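Biologist: I have a structure open on my screen and would love some help reading it. Could we walk through it together?

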Amino acid sequence: MSEQTVEPDERSHAERYGPVADWTRDFDHADPAYNRNVHAVWDGLRDECPIAHTERYGGAWLPTTHDLVREVAYDTDRFSSRGVVASLARPDIPAPVGPAPPITSDPPFHQIARRLLLPPFAPKQIEPWEDEIRILCRQRLDAMGDVEPGTTVVDAALDYAQHIPVNVISRMLGFPLGDDDLFREFVHDTLEGVNLPLDEREASFERLDTYIDAQVLDHERNPRDDLTSYLMKVEIDGNPLSLEHVRGSIVLLLIAGIDTTWSAIGSSIWHLAQHPDDRRRLAEDDDVWTFAIEELLRAYAPVTMARLVAEDVDFHGCPMKADEWVLLPFPAANRDPAFFDRADEVILDRQENRHAAFGLGIHRCLGSNLARLELRVALEELIARFPNFELADPEAVTWSVGQIRGPRSLPIRLL
Ligand code: HEM
């Protein structure tokens with residue numbers, strides 16, 4: 001994966017612009033205050049604009065209503081997926097393939113690349129992972145050691161949530177299990193390092209590519225029944241995928257599979273720690289789970305994607321320039337009161353819930369079966385073992401930076 005700068009000035013945005021004072025005209029999705037207060041920020045923007053702009057990152061726009069997010073997501077002619085993580089740079093691999101197919105591919109290639117990934121993520125392939133995920137969750141809970149109710153504090157993000165998706169995706173890809181920390185580092189650099197000087201960002205992409213190439217070589221020598229071998233075998237029009245395509249898709253699965261689900265599990269625990277009635281309902285009512293998982297995904301959707309403006313366009317009065325970013329805050333769409341009744345409330349048994357947590361349009365999440373399974377099993381096991389817990393110190397909770405939102409440190413007291 002590689003990128004080209006759009007700005008010669010390589011100081012970070014923090015140095016150049018400072019903290020955000022005006023979310024309407026100078027927003028920064030990587031300002032630590034953004035994810036901390038994002039629901040209030042979106043509410044304010046929906047009332048004021050509803051499309052915010054910033055000069056940062058070579059220019060970026062932020063629509064905040066369901067209708068606007070949907071319109072951009074469906075308009076693949078004017079908004080390209082060539083780049084989906086808004087940073088100072090622009091990916092230098094052009095559409096339609098892009099650096100991490102299919103998420104960075106535009107039509108018509110997108111459909112070809114997407115079709116290749118559908119079989120391994122179909123429900124039949126994902127369901128058998130349930131037992132392993134359950135065992136993994138129990139091991140993490142066991143590792144919390146002897147618990148003294150009312151006293152023991154554990155970090156639900158660091159000691160629990162983060163381990164689940166990283167372990168599952170590395171098993172699926174057939175990568176060494178001991179490399180969990182490395183994967184988290186790669187994901188952190190890609191998603192949270194959008195403000196890093198470009199040479200540092202480039203170096204982190206190179207480390208990731210080198211790591212994946214070594215895994216591909218290992219699979220070439222020792223083919224096995226896993227996702228990496230599958231990608232190396234699968235063909236387009238009778239031809240195997242290029243190394244760039246295999247590498248890009250693996251980058252995508254690592255990046256898409258880890259922080260997203262970690263964040264969804266963490267945010268759900270953050271909510272449950274503050275809502276004993278919801279915890280009790282989950283512990284007592286098996287039938288509510290299906291609705292509850294969707295509602296937690298709606299209310300705490302972790303993923304904002306980005307698009308690049310394909311050519312200058314006037315979008316609802318906003319003069320968008322080619323190569324500016326448009327952020328797609330699916331989580332803001334999920335909290336739009338014009339689309340959802342009582343959008344700001346978590347209603348565990350919400351019946352009608354056409355949420356956008358997994359995206360809208362042709363790029364809708366391919367891993368949603370796996371994500372739902374991991375989220376449900378992680379919460380089921382936690383609640384079965386510890387039905388009661390609370391935030392140990394609300395001020396000690398820290399949030400990720402950038403487009404994937406979730407708690408990165410979440411101390412809870414087990415009761
Ligand atoms: C709660 C967890 C997750 C959420 C909220 C989530 C959300 C999303 C969203 C919003 C998109 C649309 C991207 C766009 O429009 O540009 C997407 C795409 C995608 N996701 Fe997920 N995701 C999650 C977990 C996963 C997992 C576990 C995997 C697989 C390991 C995965 C694989 C993918 C892939 C391959 C795409 C690209 C699909 C395409 O471009 O056609 N996701 N995801």
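Biologist: Which residues come nearest to the ligand?

Modeller: Happy to help, and please keep in mind that this is a predicted model. There are 29 residues around the ligand. Of these, the nearest are Gly257, Gly359, Cys365, Gly367 and Ala371.

Biologist: Which element gives the largest share of the shell around the ligand?

Modeller: Helices H5 (109-117), H13 (243-274) and H17 (368-385) are the elements that each give two or more residues to that shell. By class, the shell has 21 nonpolar, seven polar and one charged residues. The largest share, seven residues, comes from H13.

Biologist: Which element gives the largest share of the largest nonpolar core?

Modeller: That core has 107 residues, and Leu254, Ile269 and Val326 have the most contacts inside it. Leu254 touches Ile169, Phe183, Phe186 and Val187, leaving aside residues up to four places away in sequence. The largest share of the core, 16 residues, comes from H13.

Biologist: How many residues of strand E12 are buried?

Modeller: Let's take E12 (residues 325-329) one face at a time. On one side Trp325, Leu327 and Pro329 are buried, and on the other Val326 and Leu328 are buried too. Both faces are thus covered, and the count of buried residues is five of five.

Biologist: Which residue of strand E9 stands opposite Val326 in E12?

Modeller: Strand E3 (residues 60-63) runs parallel to E12, joined by two bridges, and Trp61 stands opposite Val326. Strand E9 (residues 304-309) pairs with E12 in the antiparallel sense over five bridges. There, the residue opposite Val326 is Arg307.

Methods
Residues numbered from 1 in each chain as written. Predicted model: local features only at pLDDT ≥ 70, side-chain atom pairs only at ≥ 80, totals over all residues. Near = placed C-beta within 6 Å. Helix = DSSP H or I, 4+ residues; strand = E, 2+ residues; numbered from the N terminus. Nonpolar A, V, L, I, M, F, W, Y, C, P; charged D, E, K, R; others polar. Core = buried A, V, L, I, M, F, W, Y, C linked by C-beta atoms within 7 Å. Buried ≥ 20, exposed ≤ 12 C-beta atoms within 10 Å, placed from the backbone. Contact = placed C-beta atoms within 7 Å. Pairing = 2+ DSSP bridges.
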